[in-house]
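Got the model loaded in your viewer? Let's take a short walk through it, one selection at a time.

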Amino acid sequence: MTKGSRQHQSDTATQERVRVKPPKMYRVILLNDDFTTMEFVVHILESTFQKSPSEAMQIMLQVHKSGRGVAGIFSKQIAEAKIDSVHAQAQREGFPLKCVMEEE
C-alpha cells in the first residue's frame, strides 16, 4: 500500500456521520360502537396488538366507557398495517369496529 492510499482511507474514516431522526410514532386508537362485541375487541387486542388478556380487558373497558382506547404506539407503516388488519377482521366477522391513528 502506498502512502497516498492510506491518506485516502483516513479521509473516508473521518467523514462526518449523518444523523438519522427516529421515525414519528402514531397511536392506534380503537373507537367504540354499539354493535361490536366486547369479546371481539379483546380478541383483536390480543391477536393483532399482542396484549395480554388482562391488558386487553383494560383497554376494551376504556373503549367501552370513554369511546376510545389506545391499542398501541407504532411507526406509521406498522400503525397503518395494524389498522388495515383490524378493519379486515372486523368486516369478515360482520362488526363495524373502526380504529384510527394519531401522531404521538
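Does Gln50 count as buried or exposed, and at what relative accessibility? Select Gln50 and turn on the surface: the residue counts as exposed, because its relative accessibility of 56% is over the 50% cut-off. Keep in mind that this is a predicted model. While you're there, check the backbone: Gln50 has a positive phi of about 55°, although it isn't a glycine. You'll find Gln50 in the loop between H2 and H3.

**Zoom out for the layout**

Switch to a cartoon view. The protein has 4 helices and 3 strands. Walking from the N terminus, you pass the elements in the order α-β-α-α-β-α-β. Colour by burial next: buried residues make up 28% of the 104 residues. If you have a contact map handy, take the contacts with a separation of 6 or more; residues 24 or more positions apart account for 73% of them.

**The helices on either side of the loop**

Now select helix H2 (residues 38-47) and helix H3 (residues 53-66). Two packed helices are described by the angle between their axes and the distance between the axes. Here the angle is about 130° and the axes are 9 Å apart. H2 and H3 are therefore oblique to each other, and their crossing is right-handed.

Show side chains at the contact. From H2, pick Met38, Val41, Val42, Leu45 and Glu46. From H3, pick Pro53, Ala56, Met57, Ile59, Met60 and His64. Sorted by class, the H2–H3 contact has 9 nonpolar, 1 polar and 1 charged residues.

Stay on H2 and ask which of its residues are buried. The buried residues in H2 are Phe40, Val41, Val42, Ile44 and Leu45. Val41, Val42 and Leu45 also belong to the contact with H3. Bring back the rest of the cartoon to see what covers the buried residues of H2: the cover includes S1, H3, S2 and helix H4 (76-93).

**On to the charged side chains**

Time for some salt bridges; there are 4 in the count. Start with Arg27 and Glu102, where the closest N and O atoms are 3.6 Å apart. This pair links distant parts of the chain: Arg27 sits in strand S1 (residues 25-31) and Glu102 in strand S3 (residues 98-103), 75 residues apart. How exposed are the two partners? Arg27 is partly exposed, with a relative accessible area of 24%, and Glu102 is partly exposed too, at 28%.

Keep Arg27 selected and add Glu104. Their side chains meet in a salt bridge at 2.7 Å, N to O. Glu104 lies in the segment after S3 and Arg27 in strand S1, so this pair ties together parts that are 77 residues apart in sequence.

Then go back to Glu102 and add Arg68: these side chains form a salt bridge at 2.6 Å, N to O. Since Glu102 lies in strand S3 and Arg68 in strand S2 (residues 68-75), the pair ties together parts that are 34 residues apart in sequence. Arg68 is partly exposed, with a relative accessible area of 35%.

For the last stop, display Arg27, Arg68, Glu102 and Glu104 together. Salt bridges that share partners join these four residues into one network.

Terms used:
Residues numbered from 1 in each chain as written. Predicted model: local features only at pLDDT ≥ 70, side-chain atom pairs only at ≥ 80, totals over all residues. Heavy atoms only, no water. Helix = DSSP H or I, 4+ residues; strand = E, 2+ residues; numbered from the N terminus. Buried < 20%, exposed > 50% of the residue type's maximum accessible area, 1.4 Å probe, protein only. Axes fitted to C-alpha atoms, helices over the stretch in contact; angles between N-to-C directions. Parallel < 35°, antiparallel > 145°, perpendicular 65-115°, else oblique. Left-handed = near helix turned anticlockwise from the far one by under 90°. Contact = heavy atoms within 4.5 Å. Nonpolar A, V, L, I, M, F, W, Y, C, P; charged D, E, K, R; others polar.
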